[in-house]
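Here is a briefing for a first look at this structure. Keep the model open while you read.

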Amino acid sequence: HDLSDDSDYAQHLRSNSDTAKRSGPVVYVKDNVSIHPAQYTTEKISGRLRLIKQGPSLFMTWIPYKGLSLNNKLSEKDRNLYTIRAVPLTDVRSIRRHTPALGWQYIIVVLSSGLAFPPLYFYNGGVREFLATIKQHVSLVRSGDDANVFLVNDLQDPLQRSLSSLELPRAVSVANATSISANSVPSVEDSDRLDRDTVGGSSRLYDGNARNRQKSNDSARDLSIHVLEKFSLVTKFARETTSHLFGENDSFNAYDKKPQLQSIPSNVNKPEDKNKCLGETAVVSNPSEFDQLSLVWGKPRQPPLGLEEWATFLDVEGRITDSNALKKRIFYGGVEHDLRKEVWKFLLGFYAYDSTYAEREYLESVKKLEYETIKSQWQNISPAQAKRFTKFRERKGLIDKDVVRTDRSVSFYDGDDNLNVMLLRDILLTYSFYNFDLGYCQGMSDLLSPILFVMEDESQSFWCFVSLMERLGPNFNRDQNGMHSQLFALSKLVQLLDSPLHNYLKQADCLNYFFCFRWILIQFKREFEYEKIMHLWEVLWTHYLSEHFHLYVCVAILKRFCKRIIGEQMDFDTLLKFINELSGHIDLDRTLRDAEALCICAGENGAACIPPGTPPSLPVEFSYPDD
């Protein structure tokens, strides 16, 4: 079950050996290898794939071209984000080859951790030659379970497997790939220079695929069937993309739908530059550096939606012409602050997307009168009535205590006798009369604060808050069913997307996920700076990928710190303290990209993890009771 049964294998070995001598450290080059940055799209980013020999080790790189197709729309920063640099083959566990009935061949490279790069499509062929080149330098054999899966460094000898998991130099040369230091990894500058020196513009050698890999120091990871179980979702993503590109038939689309665990990692960021999310590869020499890894390859974040672009979404009467396109735009870029006052009303359900300027103006006037009527109910309670109204006194006392502790570091709420703090109190008291069954619970002031900060209007803030609470209200029920259902769904998503972490939490008796309680209750309000939490919320409110996208954000954060949690053997108390201390130290853009990739990869299997009736992150539509 190796490549020796391929008819052209021996001939390729001879030709490639001669070429390697001429090319120096570059032993393989292939042009026109492409990725598709989003599912169901014809857009592609093309680049050059190479195998580079560095001492006894072999590295893979894939660098996008400049100025070709979608590539000419990429900034230099975005080009760097998509670039795959210097991935050691010692970090690759397996490669899946697929040749669809219609379309081009593609390869998916999977790491020992089970994570995988997006499919790389070979528009000039050459997958077989790529695999043959790899076989010259590392152990490469076909899987006995799937002939299209090639296992890299699949060590059957227990001693070799132990040494490999410890990343020690091997006593017996099995894969000819010894661990090396980060300093010996070919640099980006070297890669670009080698492109010019050895290729010039067209493919001189053969074609291949590249994939980044995190080093795993976990010797307990199974190196065999555990990885194979992860292929169906990766392949499903590639097949669905291929189907859209090449119009494959229904039988091709009806591919297997087995539950999968795949997420899509990027390369290691340099510790001194945490703002760069993707493609900055170094060899991970310390397991704690896993926390610095970016897990995804998805779309780069865009600039926020501005006033000029916002106008293009409106017709002459003020209707939103394409609400889905608007939500997608906000999902990937957010909204400029000066525009939030208008856009948030659509996202929160106060405005209908098909409403006109005139209809919205009328709605505001009607709702303002309605708000004043509800507010007057508690304002007109006399002291004598209040003495006999225990529930009112309790709720008012709790609100009075909470509002003076809410976001006082923000200038909008800073200082003594701040009128905005009083508005916060009045809105919450009015809501306790509007929804008397739910009333007021701690945490509601955290949810209202950014809304009032943006709206700067009491009535509009109230009705936006009402819309918000129509979906988040179950978070505050006495029976806590809303919270428990979300925590249960989170545990199932972690089991699907990160089984090692799930197994550890099960062993540590932490499967209740109460350490994530605050994240879900108030939608990460305490975890990010004020501006960033507004950006996160407007992303969640779009429901672009899922109404439960906040759960994938939870998974993304936990996944990023998985190695640390397991490595330090955190019990519940330690884990709760660790999670709380992450506040202010989470990279939002990277987390959103990770969550996007996890959500896409989970697909229907992820949706199946979430029980029906589980409160979504925020409202899709809301109809007022009197409408």
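**Cores**

The largest nonpolar core holds 111 residues, and Phe549 and Leu558 have the most contacts inside it. Helix H22 (residues 549-560) gives the most to this core: nine residues. At least three residues come from each of domain 2 (357-475) and domain 3 (481-609). Note that this is a predicted model.

- In soluble globular proteins, nonpolar side chains tend to be buried together.
- Leaving out residues up to four places away in sequence, Phe549 touches Phe331, Val539, Leu540, Leu592, Ala595, Glu596 and Cys599.
- A second core is separate and has 30 residues. Leu120, Leu131, Leu140 and Phe150 are among them.

**The chain as a whole**

- The chain has 25 helices and nine strands.
- It is 627 residues long, and 58% of these count as buried.
- Take the contacts with a separation of 6 or more: residues 24 or more positions apart account for 74% of them.
- The accessible surface is about 25,900 Å². Carbon and sulfur atoms make up 49% of that surface.

**Helix H16**

- Helix H16 covers residues 444-455. Its 12 residues should span 16 Å at 1.5 Å a residue, and its end C-alpha atoms are 17 Å apart, so the two values agree.
- How many of the residues of H16 are buried? The count is 12 of 12, so the helix is mostly covered.
- The buried residues of H16 include Met444, Leu448, Phe453 and Met455. Ser445, Asp446 and Ser449 are also in the list of buried residues.
- Six helices pack against the buried residues of H16: H11 (337-347), H14 (390-403), H15 (419-434), H17 (458-472), H20 (517-521) and H21 (530-541).
- Glu456 follows H16 and has a positive phi, near 50°.

**Helix H12**

- Helix H12 runs over residues 357-379. For its 23 residues, 1.5 Å a residue gives an expected span of 33 Å, and the end C-alpha atoms are 33 Å apart, which agrees.
- Which residues are buried in H12? They are Arg360, Lys367, Tyr371, Ile374, Lys375 and Trp378.
- An α-helix has 3.6 residues a turn, so residues three or four places apart point the same way.
- The buried residues of H12 pack against H11, H14, H15 and H17.

**Asp402**

- Asp402 sits in helix H14.
- Is Asp402 buried or exposed? Its relative accessible area is 5%, and buried means under 20%, so Asp402 is buried.
- Asp402 is in contact with Tyr440, Gln442 and Ser445, leaving aside neighbours within four places in sequence.
- Ser445 is itself one of the buried residues of H16.

**Strand E5 and its partners**

- Strand E5 takes in residues 92-98. Seven of its seven residues are buried, so E5 is largely enclosed by the rest of the structure.
- E5 and strand E6 (residues 105-111) run antiparallel, joined by six bridges.
- E5 also pairs with strand E9 (residues 149-152), in the antiparallel sense, over three bridges.
- Which residues are the bridge partners of Ile95? In E6 the partner is Val109, and in E9 the partner is Phe150.
- Phe150 belongs to the second core as well.

Technical notes
Residues are numbered from 1 along each chain as its sequence is written. This is a predicted model: local features need pLDDT of at least 70, side-chain atom pairs count only at pLDDT 80 or more; totals for chains, interfaces and linings use all residues. Side-chain values use heavy atoms; hydrogens and water are left out. Helices (H or I, at least four residues) and strands (E, at least two) are DSSP runs, numbered from the N terminus. Buried means under 20% relative accessible area, exposed over 50%, partly exposed in between (1.4 Å probe, protein chains only). Contact means heavy atoms within 4.5 Å. Accessible areas come from the Shrake-Rupley method with a 1.4 Å probe; for residues, only the protein chains shown count as cover. The expected span of a helix is 1.5 Å times one less than its number of residues. A nonpolar core is a set of buried Ala, Val, Leu, Ile, Met, Phe, Trp, Tyr and Cys residues joined through side-chain atoms within 4.5 Å. Domain bounds come from an automatic or database domain assignment. Two strands pair if DSSP finds at least two bridges between them.
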